[in-house]
Amino acid sequence: MKSIFKSTSKLLVAATLVMGFGASSLMAEVKDKFQVSWTIYVGWMPWDYAQQKGIIDKWAKKYGIEIEMVQVNDYIESINQYTAGKFDGCLMTNMDALTIPAAGGVDSTAVIMGDYSNGNDGILLKNKKNLTDIKGQTVNLVELSVSHYLLARALETVGMSEKDVKVLNTSDADMVAAWGTKDVTAMTTWNPQLSEIMAGNKDANLVFDSSKTPGEIIDMLVINTETLKDNPKLAKALTGAWFEVMALMKKGDEAALTFMAQASGTDLAGYKSQLDSTMMFYTPSDLLAFTTSAEIPATMKKVSEFSFEHGILGEGAPDAEFIGMAFPGGKTFGDPKNIKLRFDDTFVKMAAEGKL
Amino acid sequence: MKRLMNLRPSKQSLFFLGLLPFVLVALLYLGASEVRLAANPDDKLLPSMSSFAEAIDRMALTPSKRTGEYLFVEDTVSSLERLGLGVLISAVLALLMGIPLGFIPFVRAGLSPFVAAFSMVPPMAILPILFIIFGMGELAKVALIVIGVTPLIVRDLQQRVMEIPVEQLIKAQTLGGTSWSIVLRVVLPQIFPRLLDAVRLTMGTAWIFLISAEAISATEGLGYRIFLVRRYLSMDVILPYVAWITFLAFLFDYLLKRFTYKVFPWYDAGKEQS
């Protein structure tokens with residue numbers, strides 16, 4: 001019996017150590033191999049192109065490191081894996097960066113804000129043409145996502161609040177099928193589902209979209225702040241690769257665009273129409289202007305308040321200012337002692353000045 | 001000679017040995033959680049015991065700010081309603097189909113291949129069709145459980161009916177039984193405990209379909225809550241919910257077993273006690 005105890009306690013210690021390794025990747029260290037996770041979305045396909053065409057490798061080599069872009073099928077899963085310390089960087093929206101890694105105590109830095117949704121997210125009503133008709137309806141959406149945020153912002157613009165509607169959590173993968181059922185009358189969703197539904201259903205009316213709240217749903221490259229501090233090369237290489245692809249897209253390089261279209265499961269025309277509702281920052285100077293604008297802190301304040309009201313800032317958050325955020329130019333929002341999300345213009349500025 | 005296979009644990013060591021794996025898992029968890037929390041006190045992946053206590057207090061013991069109801073109770077009630085209804089309908093359907101399939105060769109010839117093929121259709125793959133037919137409401141969730149579980153029980157019952165010794169059926173016929181009376185007096189009493197057994201075995205499958213259905217579209221339910229808070233990695237809510245689901249599943253299994261043996265005492269005669 002005693003020997004059983006001994007061997008099990010040994011096993012226990014060993015297993016604890018193994019599981020603890022997950023945590024050790026959170027600790028800072030200088031290293032030369034990095035992994036960044038990404039998911040399919042119109043504004044993130046350039047990353048895939050950069051990886052597949054060797055642009056990432058080229059830039060990584062220039063800085064003497066290795067970078068791997070890892071495609072994850074489930075968007076939230078990819079963020080969760082990043083938060084758990086599995087990846088050094090991850091592609092996510094501004095709201096998810098605040099509510100998942102930052103609220104989870106993982107200090108994160110937004111290095112590149114590649115684009116913002118300018119019509120990619122929208123609210124649909126069946127057979128009704130005005131947003132005010134949404135009153136009293138059940139709205140299908142992915143709860144606590146940017147769709148939920150967009151709905152709250154839309155209701156605000158017509159003097160209503162979430163109390164005036166009923167929210168029904170529905171998986172994003174099932175939105176298109178859901179629209180075809182008769183009890184679904186209102187929906188908030190994003191592309192490509194959004195355009196898919198509008199193309200296939202005459203009864204679908206777009207009553208509000210993200211172009212009416214420009215710059216609020218931002219798609220960004222987020223890197224673990226500790227990792228970034230010890231390895232600025234990672235951000236330099238990624239920023240360099242990003243703007244190389246941006247230059248191609250700005251020129252309208254059909255081969256590159258077709259590649260991205262196919263990788264995201266659509267054709268060139270479909271991809272171009274999705275790009276039309278996406279505000280891409282093609283040049284470093286445009287992105288620098290956006291990154292340093294006063295809009296970002298104002299938007300993040302709204303996002304933080306929404307997240308607090310819906311209880312997704314984490315437990316023990318007494319108010320919307322519990323999680324601190326830092327912006328370019330030394331500006332901050334919220335608790336300066338608990339800064340967990342940083343918006344950084346260092347690397348975009350280097351790109352603008354041609355110093356990468 | 002003393003053989004290992006003949007050694008029986010005493011009552012005390014039976015209890016201790018049963019408890020040991022639970023304790024080990026708990027210790028393993030605490031150790032790993034400690035390591036992660038030491039690196040990042042806000043880590044959400046392996047929360048400490050106190051965060052569990054807080055989460056349980058918030059979900060189960062404090063009324064929700066929005067509706068004034070207890071979320072945990074609300075989730076449990078609506079999930080159990082769906083599960084109970086789904087399993088009940090499946091069991092009744094299975095009884096109605098399984099007995100004719102096993103008992104009447106003509107029915108078997110006509111339907112058996114179809115049932116066998118139908119049971120292979122993965123319900124999750126045809127979800128969009130189920131939505132269009134049953135809508136997005138409660139009906140669709142119950143329907144998903146029924147479609148997922150019924151074929152399994154039907155096939156099991158059919159086998160059990162066919163396993164009834166031919167001698168019994170011949171005997172019943174020589175005593176003047178008609179097909180109908182033999183079904184009622186010979187087949188049904190023997191099949192009923194096996195139906196309960198089949199229900200016990202498919203309970204796990206039923207839970208999977210319930211959780212999947214709630215993940216797709218819902219406003220309350222145990223699966224809904226897990227998928228909702230999964231978005232922001234709230235393991236402090238998810239793990240107690242998983243423990244609760246496991247406990248409920250275990251409880252049903254136990255109650256069904258006790259019920260079966262109580263009502264059909266002949267059924268467990270000669271079986272090894274577990």
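**Exercise 1. Take stock of the salt bridges, and ask how many a search of the whole structure finds.**

*Solution.* A search of the whole structure finds 23 salt bridges over all chains. The rule asks for a side-chain nitrogen of Lys or Arg within 4 Å of a carboxyl oxygen of Asp or Glu. Before going on, keep in mind that this is a predicted model: local features need pLDDT of at least 70, side-chain atom pairs count only at pLDDT 80 or more, and totals for chains, interfaces and linings use all residues. Residues are numbered from 1 along each chain as its sequence is written, chains are lettered from A and ligands numbered from 1 in the order in which they are written, and side-chain values use heavy atoms, with hydrogens and water left out.

**Exercise 2. Check the length of helix 6 of chain A against its expected span, then describe its surroundings and its two ends.**

*Solution.*
- Step 1: set the boundaries. Helices (H or I, at least four residues) and strands (E, at least two) are DSSP runs, numbered from the N terminus. Helix 6 of chain A covers residues 146–157.
- Step 2: compare lengths. The expected span is 1.5 Å times one less than the number of residues. For the 12 residues of this helix that gives 16 Å, and the end C-alpha atoms are 17 Å apart, which agrees.
- Step 3: look at burial. Buried means under 20% relative accessible area, exposed over 50%, and partly exposed in between (1.4 Å probe, protein chains only). Since 10 of the 12 residues are buried, helix 6 of chain A is largely enclosed by the rest of the structure. Among the buried residues are A:His148, A:Tyr149 and A:Arg153.
- Step 4: inspect the ends. At the start of the helix, a side-chain oxygen of A:Ser145 comes to within 3.1 Å of the backbone nitrogen of A:Ser147. Just after the helix, A:Gly159 has a positive phi of about 70°.

**Exercise 3. Work through three salt bridges, giving for each the N to O distance and the exposure of both partners.**

*Solution.* A reminder first: side chains of opposite charge can pair when their charged atoms come close.
- Step 1: A:Glu156 and A:Arg153 pair at 2.8 Å, N to O. They lie 3 residues apart in helix 6 of chain A, so about one helical turn separates them. A:Glu156 is exposed at 51% relative accessible area, whereas A:Arg153 is buried at 12%.
- Step 2: B:Arg160 and B:Asp156 form a salt bridge with their closest N and O atoms 3.1 Å apart. These two are 4 residues apart in helix 6 (residues 138–162) of chain B, again about one helical turn. B:Arg160 is partly exposed at 23%, and B:Asp156 is partly exposed at 22%. An α-helix has 3.6 residues a turn, so residues three or four places apart point the same way.
- Step 3: A:Lys355 and A:Glu353 meet at 3.3 Å, N to O. A:Lys355 counts as exposed at 57%, while A:Glu353 is partly exposed at 47%.

Beyond these pairs, a network of salt bridges links B:Arg82, B:Glu138, B:Lys141, B:Glu214 and B:Glu220.

**Exercise 4. Examine the backbone angles at A:Asn127, A:Leu144 and A:Pro192, and place each residue.**

*Solution.*
- Step 1: A:Asn127 has a positive phi of about 60° although it is not a glycine. It sits in the loop between strand 5 (121–126) and strand 6 (138–141) of chain A and is exposed at 58%.
- Step 2: A:Leu144 also has a positive phi, near 65°. Its place is the loop between strand 6 and helix 6 of chain A, and A:Leu144 is buried at 6%.
- Step 3: the peptide bond between A:Asn191 and A:Pro192 is cis, with omega about 5°. A:Pro192 belongs to the loop between strand 8 (186–190) and helix 8 (193–200) of chain A.

**Exercise 5. Describe the interface of chain A and chain B: its area, its residues and its polar pairs.**

*Solution.*
- Step 1: about 3400 Å² is buried between chain A and chain B, 64% of it on carbon and sulfur atoms. Buried area is the accessible area (1.4 Å probe) that two parts lose on being put together, summed over both.
- Step 2: the contact (heavy atoms within 4.5 Å) takes 48 residues from chain A and 35 residues from chain B.
- Step 3: the rule finds 2 salt bridges across the interface. B:Arg230 and A:Glu77 meet in a salt bridge at 3.4 Å, N to O.

How values were computed: Polar contact = N/O pair within 3.5 Å; in protein donor to acceptor, adjacent residues only side chain to side chain.
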